[in-house]
Structures are given as structure tokens and as C-alpha cells.
Amino acid sequence: ASKKAGMTEEQRLARQIHNNASGNFMDWFNENQEKDQAGELKKIDCPDGADKKLCETVFKIMRKHKVRRIVDISCYKNLEWMPTILRKLGEEMWGLMYYCSTLEASEEAELKKAYKKDDKVEVVSFEWWKEELPENVDLVLAWDTLRHSAYGRIWNFFQNVKRSEAKFVLFDNFPSVSNEPSPSREHVNVKRHPFKFPAANEVFQKIGQEAGEDALPRQLVLYSEDAIPNPRRA
């Protein structure tokens, strides 16, 4: 059985008050003030590999929008580079919280092991297309996840984001495809039927795109919660 994701707001505030009382905030502030003055907080050294550009772009988006509370339903897929972002954002954003979600027991064990020393991370298990999201979320990340999901589940996910009043949702989109009804499809385009989303708040081209001339164009798109349409209007 899955559990409700995340702590309550009261629990989160209690933990932050405890950290402040123990002097952690001032230690953190003093440690990172010089880095801020030197401009080091703007730079990130993402791991080399196919996802390097993705890592750099996600970091820039999170930093630009001052993201502190993140729900990542694609957490396991991002394990190679997300710790780098969290370390870097943690130098600038006090109170950073990352909810790392998976539905697979084997992945959950590996994620808990990888993040066990990071108190900014909570590994959770919940059905992201219907269960309530944690409170006061700034960003929901869904990389390489929606493209493999049924249309009904995708719609439910976006409506769940709206109900939770998360500020933004960030996901990959394939702008050249006409959505296939086949359950074996591997791509989705939210600008086409049955979704017909408006223009995204921000679009980043050729992110995570496969190599080769025949590779489909792939975007990373950012939508604010109020820009997500309702199914009946699509």
C-alpha cells in the first residue's frame, strides 16, 4: 500500500524551527555567503554524459524560479544527476525539500540508500496521477515518464497538479508527433489532441534528444499551474 507523500506543513516547520534553534541556519548562511559574493552559486558542474544538458537546464530553471519544494515523479531516472543539483541549490535555498517518488520497491530501496544522508530528501511512494501531492510545492518534475503513460493517467496527473496548486510542472514533450492511441506508443505531444495545451511558459529545445538524423525533436517544457487546461476544454 502506498503512503501519503511527504510531511505535513506543521511537521516541516517544526523541523525547520529545530534546525534554526540548533544554529544550523547561521552556519549555512556564513558558509555560503562568500560563494554568493564570488558568483559561485550560479555555476554547476553536472556529471558528463547524455543527461548533462538536462541537468544544467533543470538547475537553471529551479534557480530562476527560486524553487524550494520539489516533487519528482521521475526520481529514479534522475538519480545520476539530481544529487548534484540538490547540493548546489542547498547552498542558496534554505529550507529546500525534494520529494523523490517511485512505485517500484526495488527502486525505493536503492533511492533510500543513495539519499540516506541527505535530510533535504524524502523518498515516497504514491500514485502520482491520483494521490494528493505534498503541500506548498513549487515544482513537479516528470521527466521521461508521461510519454510511457496512458492518456487518462496523463490527464489525471495534470489535474492533480492543479488541485495541489503546485506553482509549476516541468516535463518532456515531443512537438512533431501526432498522438497515437496505441498503448505501445513511446511519445506524447501536449500541444495536439487530446490535450491541446496552450504555449508553455518556457521551452527548451533538444533536451535529452536521442542521437541520429531520425531522432524525434524533444523539448523540456515548463507550465504554470494556471496554464494547464481542463480536459473538458481540450
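## Asking why, strand by strand

Biologist: I70 stands opposite L139 in β4. What makes β1 and β4 a pair?

Modeller: Happy to start there, with the reminder that this is a predicted model. Strands β1 (residues 69-72) and β4 are joined by three bridges, in the parallel sense. At least two bridges are needed, so β1 and β4 count as paired.

Biologist: And how do you know that β4 and β5 pair?

Modeller: The same kind of reasoning applies. Strand β5 covers residues 168-173 and runs parallel to β4 over four bridges. With at least two required, β4 and β5 therefore qualify. One of the partnerships is that of A142 with F171 in β5. Between these two strands the chain passes through helix α6 (residues 151-164), in a right-handed β-α-β crossover.

Biologist: Why is that crossover called right-handed?

Modeller: Picture the strands pointing away from you: the path from the first strand over the helix to the second must run clockwise to be right-handed. The route from β4 through α6 to β5 is right-handed, so it runs clockwise in that view. Helix α6 lies across both β4 and β5, at about 160° to β5. Over 145 degrees counts as roughly antiparallel, so α6 and β5 are roughly antiparallel.

Biologist: Where does N160 sit, and why is N160 called buried?

Modeller: N160 belongs to helix α6. Its relative accessibility is 3%, and buried means under 20%, so N160 is buried. Setting aside neighbours within four places in sequence, N160 is in contact with W128, W129, K130, E131, E132 and L133.

Biologist: What makes you say that both faces of β4 are covered?

Modeller: In a regular strand, side chains alternate between the two faces of the sheet. In β4 (residues 139-142), L139 and L141 are on one side, V140 and A142 are on the other, and all are buried.

Biologist: Which residues of β3 point one way, and which the other?

Modeller: Strand β3 (residues 121-124) has V121 and V123 pointing one way, with E122 and V124 pointing the other way. All of them are buried, E122 included. Strand β2 (residues 97-101) runs parallel to β3 and is joined to it by four bridges. Within β3, V123 is the bridge partner of C100. The link from β2 to β3 goes through helix α5 (residues 105-114), and this β-α-β crossover is right-handed too.

Biologist: What is the order of the strands in the sheet, and what makes a strand an edge strand?

Modeller: The order is β3-β2-β1-β4-β5-β7-β6, in an open sheet of seven strands with mixed pairing. An edge strand pairs on one side only, as β3 and β6 each do. From one strand to the next, the twist averages 15°.

Biologist: Why are α3 and α4 called roughly parallel?

Modeller: Two packed helices are described by the angle between their axes and the distance between the axes. For α3 (residues 52-64) and α4 (residues 82-90), the axes come within 10 Å and cross at roughly 30°. Angles under 35 degrees count as roughly parallel, so α3 is roughly parallel to α4. The crossing is right-handed. Here C55, V58, F59, M62 and R63 in α3 meet M82, I85, K88 and L89 in α4.

Biologist: Now the backbone: what makes E165 and K206 stand out?

Modeller: Most residues other than glycine have a negative phi, and most peptide bonds are trans. E165 is not a glycine, yet its phi is positive, about 60°. K206 is not a glycine either, and has a positive phi of about 55°. E165 is in the loop between α6 and β5, whereas K206 is in the loop between β6 and β7 (219-224).

Biologist: Are those two buried or exposed?

Modeller: E165 has a relative accessibility of 62%, and the relative accessible area of K206 is 58%. Exposed means over 50%, so E165 and K206 are both exposed.

Biologist: Which peptide bond is cis, and where is P194?

Modeller: The bond from H193 to P194 is cis, with omega near 10°. P194 has its place in the loop between β5 and β6 (202-205).

Conventions
Residues numbered from 1 in each chain as written. Predicted model: local features only at pLDDT ≥ 70, side-chain atom pairs only at ≥ 80, totals over all residues. Heavy atoms only, no water. Buried < 20%, exposed > 50% of the residue type's maximum accessible area, 1.4 Å probe, protein only. Axes fitted to C-alpha atoms, helices over the stretch in contact; angles between N-to-C directions. Parallel < 35°, antiparallel > 145°, perpendicular 65-115°, else oblique. Left-handed = near helix turned anticlockwise from the far one by under 90°. Contact = heavy atoms within 4.5 Å.
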